[in-house]
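Visitor: Could you pick one part of this molecule and take me through it slowly? I would like to see how its pieces fit together.

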Amino acid sequence: MNYSNKLLIMFVLIGFASLGCQTQSSGPYQKPFEQSSGNLSNTARPTVDSKPKYVSATIFPIYSIAQQIGGNNINVKLILPSGESPHTFNPTPADKLNVENSELMFYIGGELDEWIIDVTGTNGKLVEVNEGIRQLQYGSDQEHGDHKDGSNDPHYWLDPRNGKQIANTIAREYALIDLDNAPSYQKRLELFNSEMDQLYQDLLEHTQIIQDIPFIVLHDSWSYFADAFSLNLVGTFQPYGSHGPSPKYLKMLQDKTENHDVKVVFSEPQYPIEVLRSFADDNDLKVATIDPLGGVDGRMTFQELLTYNVDMVKSSLLAKK
Ligand SMILES: [Zn+2]
């Protein structure tokens, strides 16, 4: 290699080295991607689009579905802390801060989590996830006591078939705010829905043996669950949300408990068990616990939550006293 060739190679090398520096800084050079002839374009471009988007969900079951459909593309925040009841929750300024930058706010609707409207502030679009869901009504059988008769029972997520509808709504909304990743959302939705079909079939098989065994529950949130699995739910201790039962109502429930030969009442982790204790003792009922919300150990996904409740109901109803 002669001297002029060496010199030429040196110039070329220096040229490339300085180009490399300039493309990393935001200096006065124009069209850095074209000059670096494709070396950087592959790694540099996607960082703009792949930033995760922020959304929020009021209660854990929607949060879990929103996470599963969103994967790494979506950062989901949960608003209702675990252990709290949505019926009595009062959002604090910290809760409002926590959902800042959320482009979508998923909620159940009805009278369950309308505090979301206070939390929203200047954040993104409110999305009620009840589309395509046949809603049951409170009080349609005259047996639910003192809440507003005829209003929709909002606990629809406790039917696995409705979990699929919630997922459909969430996937559609994700695609609207993030068209580039729409195929990923669609793929995860299909996976989730086929998993839910399988889970529902499995749980239906599990519950066949208990379909005739009567039980009562603490709060009026299990109609969809009982409907999905054809369970024999005969009454509710606390007929609506956070209100306690009247003496008249309790007398009626007591009669029903006797008539149906009920042996088990189900409490919930979000409520103090003491409110049930004397009624359970007076009527010789065993108290077991089921959980409409989850978000704690053993119930860290929507699927685990449904499985947990089916297992608990089944083992409690089949247990010999
Ligand atoms: Zn409830």
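Guide: Let's begin with His-219, which counts as buried at 3% relative accessibility. Here buried means under 20% relative accessible area, exposed means over 50%, and partly exposed is in between, using a 1.4 Å probe and protein chains only. Before we go on, please keep in mind that this is a predicted model, where local features need pLDDT of at least 70, side-chain atom pairs count only at pLDDT 80 or more, and totals for chains, interfaces and linings use all residues. Residues are numbered from 1 along each chain as its sequence is written, and side-chain values use heavy atoms, with hydrogens and water left out.

Now look at what His-219 holds. Together with His-87 and His-155, His-219 coordinates the zinc ion, each through its NE2 atom, at 2.0 Å. Donors are N, O and S atoms within 2.8 Å of the metal (3.2 Å for Na, K and Ca), and water is not among the atoms, so sites may look incomplete. Along the chain, the zinc donors follow the spacing H-x67-H-x63-H. His-87 and His-219 link distant parts of the chain, 132 residues apart: His-87 is in the loop between strand S2 (74-78) and helix H6 (93-98), while His-219 is in strand S5 (residues 214-219). Helices (H or I, at least four residues) and strands (E, at least two) are DSSP runs, numbered from the N terminus. Like its partner, His-87 is buried, with a relative accessible area of 17%.

The zinc donors also lead us to an enclosed space. The structure holds 1 cavity of 30 Å³ or more. A cavity is a set of points, on a 1 Å grid over the protein atoms alone, where a 1.4 Å probe fits but cannot get out; lining residues have an atom within 4 Å of a point. The largest cavity contains about 40 Å³ of space, where volume is the space filled by probe spheres set on the points, and points are joined across faces, edges and corners. Among the residues that line it are His-87, His-155 and His-219, along with Ser-85, Trp-157, Glu-268 and Tyr-271. By class, the lining has 6 nonpolar, 5 polar and 1 charged residues. In this scheme, Ala, Val, Leu, Ile, Met, Phe, Trp, Tyr, Cys and Pro count as nonpolar, Asp, Glu, Lys and Arg as charged, and the others, Gly among them, as polar.

Where does the largest cavity lie? Domain 2 (52-203) and domain 3 (209-318) both give residues to its lining, so it lies between them. These bounds come from an automatic or database domain assignment.

From there, follow domain 3 to Ser-316, found in helix H13 (residues 302-318). Ser-316 counts as buried at 6% relative accessibility. Leaving aside residues up to four places away in sequence, it touches Val-264, Phe-266, Lys-286 and Ala-288, where contact means heavy atoms within 4.5 Å.

Let's finish in a loop. Asp-261 is found between helix H11 (247-259) and strand S7 (264-267). Its phi is near 55 degrees, a positive value in a residue other than glycine. Most residues other than glycine have a negative phi. At 48% relative accessibility, Asp-261 counts as partly exposed, whereas His-219, where we started, is buried.

Methods
On a 1 Å grid over the protein atoms alone, a cavity is a set of points where a 1.4 Å probe fits but cannot get out, and a pocket is an open set with protein on both sides within 12 Å along at least five of seven lines; lining residues have an atom within 4 Å of a point.
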